[in-house]
Amino acid sequence: MDSFHINGGRRLEGTIRVNGSKNAALPLMAASLLADDQVRLMDVPDLADIRSMRRLLDELGVEVSSSEPGDEPASLTMKVVDDTASHARYEIVRTMRASICVLGPLLAKRGRARVSMPGGCAIGERPVDLHLRGLEALGASIELESGDVVAEAPGGRLRGATVFLGGAFGSTVLGTANVMSAAVLAEGTSVIESAACEPEVVDLARLLNAMGARISGAGTPRIVIEGVDRLGGAEHTVMPDRIEAGTFMCAAAITNGSLTIENTPVDCMIAVLDRLAALGIEVELLDASDPLRATCRVASGRVLHPIRVTTQPHPGFPTDLQAQLMALLCLADGNSIVTEKVFPERFLHVAELSRMGAQLHRQGATVVVTGVRELRGAPVMASDLRASASLVLAGLAARGTTIVNRVYHLDRGYERLEERLVRLGADIRRVSDSA
Ligand code: UD1
């Protein structure tokens with residue numbers, strides 16, 4: 001397993017472009033199962049999770065091909081060549097929970113689906129009850145057999161219905177994607193109440209509408225879908241990754257650096273910009289003519305003010321940036337308070353940051369962060385993607401050498417992060433086990 005060796009204390013400076021969003025791309029790829037023609041996606045990041053989704057689609061009879069190296073824009077093309085399979089096997093699902101997003105498209109298009117039930121993961125239990133409840137409301141029968149969710153549409157087609165998707169922790173992003181993708185081919189009109197408002201759901205609706213679906217209200221808690229008989233192909237550029245953009249903003253701030261960040265979806269990052277401003281970090285918009293693909297400059301003064309932050313479903317502060325922000329708060333001038341309302345167990349980074357000299361006190365879903373003068377390099381390990389990003393940020397700022405072990409988690413969500421950070425002046429290198 002690879003690790004990162006980081007010598008901290010270098011200021012990051014320069015220009016970096018944000019890649020297409022992983023969390024948008026996965027359900028977009030799954031939507032190709034619904035199409036009678038070819039779906040072409042531009043700006044799909046090259047990540048382990050994307051490769052897992054390719055493998056899964058391949059098993060489900062979708063031919064997936066990449067554009068030739070050097071082709072501009074780079075794209076991924078998907079075309080269904082065999083629609084007989086309907087089983088997403090445990091071997092793939094266990095490597096990537098987001099495999100669940102083939103459930104809705106398979107059921108809608110092929111009338112049946114068998115998807116291995118995703119297990120828990122490092123950030124908590126992560127049930128899929130809301131996905132199943134939503135699909136049942138559309139008329140599907142659902143059973144659990146040998147750890148697989150087995151779903152069938154009676155007579156081969158789902159029926160439009162009103163579906164409530166609110167849960168104890170708010171709405172569900174992939175649950176909304178699943179139910180919306182299933183309802184597009186259902187007979188009649190469906191309404192999703194308490195739908196997730198995340199921008200990735202909006203991006204999926206954009207692609208589905210380009211394929212011929214009739215979806216309105218995506219991005220609000222009430223999505224209305226008029227079912228259609230068939231969907232054709234389409235071309236679509238994946239939205240930029242707001243979590244990657246936020247991570248780069250934190251990287252500029254934690255190193256007292258100055259970064260120009262291109263392809264930033266600032267329009268989807270209001271809560272993030274608000275909290276960074278409260279910390280004293282300036283995000284200057286250089287070109288926001290397209291607020292989904294803006295260029296901004298992020299610089300930080302030496303003093304970071306302590307803040308309070310609570311993660312919430314969109315448009316609140318994203319849980320996927322909580323760990324990275326916490327690394328920054330470790331160096332603020334006073335006590336900050338971080339509350340996690342989406343995944344209350346998502347604090348794997350707390351013990352590891354503490355190994356680097358952070359002063360953190362967790363009680364339930366809240367962490368009090370007492371700012372320290374400096375972090376110190378240490379060997380650390382994280383078992384989830386965003387926690388690993390938090391440790392890389394801490395390592396960039398720390399005195400001495402930080403070794404972040406098991407970076408395969410990081411590779412699931414950030415494409416060649418170390419190479420991109422080196423270009424900005426970081427001293428970071430990947431060390432393989434075999435080395
Ligand atoms: C997606 C993102 C993930 C992000 C999360 C929340 C992808 C691939 N992943 O995950 O990066 O952290 O949104 O923004 O897009 N819940 C239930 N029952 C369900 C489904 C969810 O109780 O059936 C709970 C979850 O345990 C969690 C909360 O609802 O507490 C939100 O989860 P959800 O929005 O479903 O997360 P994902 O879509 O899996």
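A polar side-chain atom of Asn23 lies 3.0 Å from an oxygen atom of the ligand in this predicted model. A second contact comes from the backbone, where an N or O atom of Leu174 is 2.8 Å from a ligand oxygen. In a further contact, an N or O atom in the side chain of Asp320 lies 2.6 Å from an oxygen atom of the ligand. The protein buries 89% of the 740 Å² that the ligand exposes when taken alone.

**The shell around the ligand**

- The ligand is surrounded by 19 residues.
- The closest of these residues are Asp129, Leu130, Thr172, Asp320 and Val342. Asp320 therefore appears twice in this account, because it also makes the side-chain contact of 2.6 Å with a ligand oxygen.
- Sorted by class, the shell holds nine nonpolar, five polar and five charged residues.
- Two helices, α5 (129-137) and α6 (173-183), each supply at least two residues of this shell.
- Helix α5 gives the most to the shell, with three residues.

**Position between the domains**

- Domain 1 covers 3-19 + 240-431, and domain 2 covers 22-237.
- The ligand lies between the two domains, because both of them give residues to the shell around it.

**Helix α1**

- Helix α1 runs over residues 22-31 and is mostly covered, with nine of its 10 residues buried.
- The buried residues are Lys22, Ala24, Ala25, Leu26, Pro27, Leu28, Met29, Ala30 and Ala31.
- The N-terminal end of α1 is capped by Ser21, which has a side-chain oxygen 3.3 Å from the backbone nitrogen of Asn23.
- Asn23 thus takes part in two contacts: its backbone nitrogen with Ser21, and a polar side-chain atom with an oxygen atom of the ligand.
- In an α-helix, residues three or four places apart point the same way, because there are 3.6 residues a turn.

**The protein as a whole**

- The protein contains 14 helices and 24 strands.
- Its radius of gyration is 22 Å, close to the 22 Å that the globule rule gives for 435 residues, so the protein is as compact as a globular protein of that length.
- The C-alpha trace spans about 65 × 50 × 45 Å along its principal axes.
- Of the 435 residues, 56% count as buried.

Definitions and conventions: Residues are numbered from 1 along each chain as its sequence is written. This is a predicted model: local features need pLDDT of at least 70, side-chain atom pairs count only at pLDDT 80 or more; totals for chains, interfaces and linings use all residues. Side-chain values use heavy atoms; hydrogens and water are left out. A residue is near a molecule or strand if one of its heavy atoms lies within 4 Å of it. A polar contact is a pair of N or O atoms within 3.5 Å; within protein, one must be able to donate a hydrogen and the other to accept it, and residues adjacent in sequence count only if both atoms are side-chain atoms. Accessible areas come from the Shrake-Rupley method with a 1.4 Å probe; for residues, only the protein chains shown count as cover. Helices (H or I, at least four residues) and strands (E, at least two) are DSSP runs, numbered from the N terminus. Ala, Val, Leu, Ile, Met, Phe, Trp, Tyr, Cys and Pro count as nonpolar, Asp, Glu, Lys and Arg as charged, and the others, Gly among them, as polar. Domain bounds come from an automatic or database domain assignment. The radius of gyration is taken over C-alpha atoms; the globule rule is 2.2 Å times the number of residues to the power 0.38. Buried means under 20% relative accessible area, exposed over 50%, partly exposed in between (1.4 Å probe, protein chains only).
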